[in-house]
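Subject: Handover of a structure and notes on its contents

Dear colleague,

Please find below the structure that I am handing over to you. My notes on what was found in it follow directly after it.

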Amino acid sequence: MNLTDINNLIQRANAISKTNWLQAVYLLQEALKEEPDNLPLLVNLGDIYLEHQLYEKALSYYHKAISLLPDNPQLLFLIGSCYFSLGEYRIANTYYKRIPDPPPEILYNIALAYAFLGSYQDSIDTIHKILYVMDDNPFIYFLLVEQYMRLQNYDRAYETIQIAEKKFGKHRQLLLLSALVYGKKGIWLKSYYSFVEYESINEISNPDHLLVYADAAVHIGMSDRAIELLQKAQEINPYISAVYEDLIRLLLQKNDYKKARKVLTTAKKYILHFSPILFLLKERLDSINPE
């Protein structure tokens, strides 16, 4: 097949793929039998599989393509993105980092992959490279705040939130991050009302966030509200020991032993191994005479 024939076939396959992608794959594979080292055929086959989220199939063609054209930036990006989608973050970064002078979009993927791998400082370092050339995307700041929080560097997280607020205003994600950071810094009133403001525009369904929200409520003297939040967290995920610990502790403070025992009974259904705190709370309840 000459170059014109291959180009015409690829155009036909691309048109067919919109309605029958398997037929398009068949046409390209048949052509590949005659031209096994044809780069456009290999790449287009990979692209079709990638479009349909069949990443391993896409990789089989992209790897053949890059063996013909080593260090091609577009192929490195495509291979890296396939591995990223498969959760193979370390391999993904191996390919991404081979791209010379990667643009912000690729640096963001690298930073995200580092975050998933638990390499939080590497993620932070990469994010700062992005901010050096592009600082008008709020999601870059959100990712940066999250990494500082994972490193328990709440002061830097707070500073980053303030910078982002000046640039983007009261974004709802910033409200949530502010509430969490304020809570970690022990600024309970600001934490609580940041949660309230966030909750007015978006439901809080993450039990970990509800735990911080409840903690803030306790510290500003709103124990009843804290109990409501903990009960919601328990309904969402009944397998979190800390939720039962905080809930029983609050009910004991209110001398509501009946409800505390009810919560403990529920905990026994879902928590196979009690934490030391939960075990101590159980002993305390056992030492109190039933009403």
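How much area does the protein expose, and what percentage of it do carbon and sulfur atoms supply? The protein exposes about 16000 Å², and carbon and sulfur atoms supply 50% of that area. Please note that this is a predicted model.

Overall form

The protein has 17 helices and zero strands. Its radius of gyration is 27 Å, well over the 19 Å that the globule rule gives for 291 residues, so the protein is more spread out than a compact globule. The C-alpha trace spans about 90 × 45 × 30 Å along the principal axes. Of the 291 residues, 43% count as buried. Among the contacts with a separation of 6 or more, 47% are accounted for by residues 24 or more positions apart.

The nonpolar core

In soluble globular proteins, nonpolar side chains tend to be buried together. Here the largest nonpolar core has 98 residues. Those with the most contacts inside this core are Leu41, Met149, Phe195, Ile248 and Leu252. Helix H9 gives the most to the core, with eight residues.

For Leu252, the contacts beyond its neighbours within four places in sequence are with Tyr257, Ala260, Leu281, Arg284, Leu285 and Ile288. The list thus includes Arg284 as well as Leu281 and Leu285.

Helix H9 covers residues 138–150, and Pro138 belongs to it. Pro138 has a relative accessible area of 16%, under the 20% cut-off, and therefore counts as buried. Pro138 and Lys167 are 29 residues apart in sequence, while their C-alpha atoms are 8.3 Å apart in space.

Helix H4 and its surroundings

What is the span of H4, from its first C-alpha to its last? H4 has 14 residues and reaches 20 Å, close to the 20 Å expected at 1.5 Å a residue. The buried residues of H4 are Tyr55, Ala58, Leu59, Tyr61, Tyr62, Ala65 and Ile66. Their cover includes helix H2 (21–34), helix H3 (39–51) and H5.

Aromatic pairs

The structure holds 14 aromatic pairs. One of them is formed by Tyr49 and Tyr61, which are stacked at 5.9 Å centre to centre with 5° between the planes. This pair links distant parts of the chain, with Tyr49 in helix H3 and Tyr61 in helix H4, 12 residues apart. Tyr49 counts as buried because its relative accessibility is 7%, and Tyr61 counts as buried because its relative accessibility is 9%.

Phe195 and Tyr213 form another pair: their ring centres are 4.7 Å apart and their planes lie at 15°, so the pair is stacked. Phe195 lies in helix H12 (residues 188–199) and Tyr213 in helix H13 (residues 207–219), so the pair ties together parts that are 18 residues apart in sequence. Phe195 and Tyr213 are both buried. Ring pairs also join Phe195 and Tyr213 with Tyr192 and Tyr193 in a cluster. Phe195 is, in addition, among the residues with the most contacts inside the largest nonpolar core.

A buried serine

Is Ser123 buried or exposed? Ser123 counts as buried, because its relative accessibility is 0%. This residue lies in helix H8 (residues 120–133). Leaving aside neighbours within four places in sequence, Ser123 is in contact with Ala111, Tyr114, Ala115 and Gln147.

Two residues with positive phi

Most residues other than glycine have a negative phi. Asp71 and Asp101 may therefore be of interest when you inspect the backbone, because each is not a glycine and yet has a positive phi. The phi of Asp71 is about 65°, and that of Asp101 is about 45°.

Asp71 is found in the loop between helix H4 (55–68) and helix H5 (73–85). With a relative accessible area of 46%, Asp71 is partly exposed. Asp101 is found in the loop between helix H6 (89–96) and helix H7 (104–117). With a relative accessible area of 74%, over the 50% cut-off, Asp101 is exposed.

Yours sincerely

Definitions and conventions:
Residues numbered from 1 in each chain as written. Predicted model: local features only at pLDDT ≥ 70, side-chain atom pairs only at ≥ 80, totals over all residues. Heavy atoms only, no water. Helix = DSSP H or I, 4+ residues; strand = E, 2+ residues; numbered from the N terminus. Buried < 20%, exposed > 50% of the residue type's maximum accessible area, 1.4 Å probe, protein only. Core = buried A, V, L, I, M, F, W, Y, C linked by side-chain atoms within 4.5 Å. Contact = heavy atoms within 4.5 Å. Expected span 1.5 Å × (residues − 1). Phe/Tyr/Trp six-rings, centres within 6.5 Å; stacked < 30°, edge-to-face > 60°. Rg over C-alpha atoms; globule rule 2.2 N^0.38 Å. Areas by Shrake-Rupley, 256 points an atom, 1.4 Å probe, with all protein chains shown as cover.
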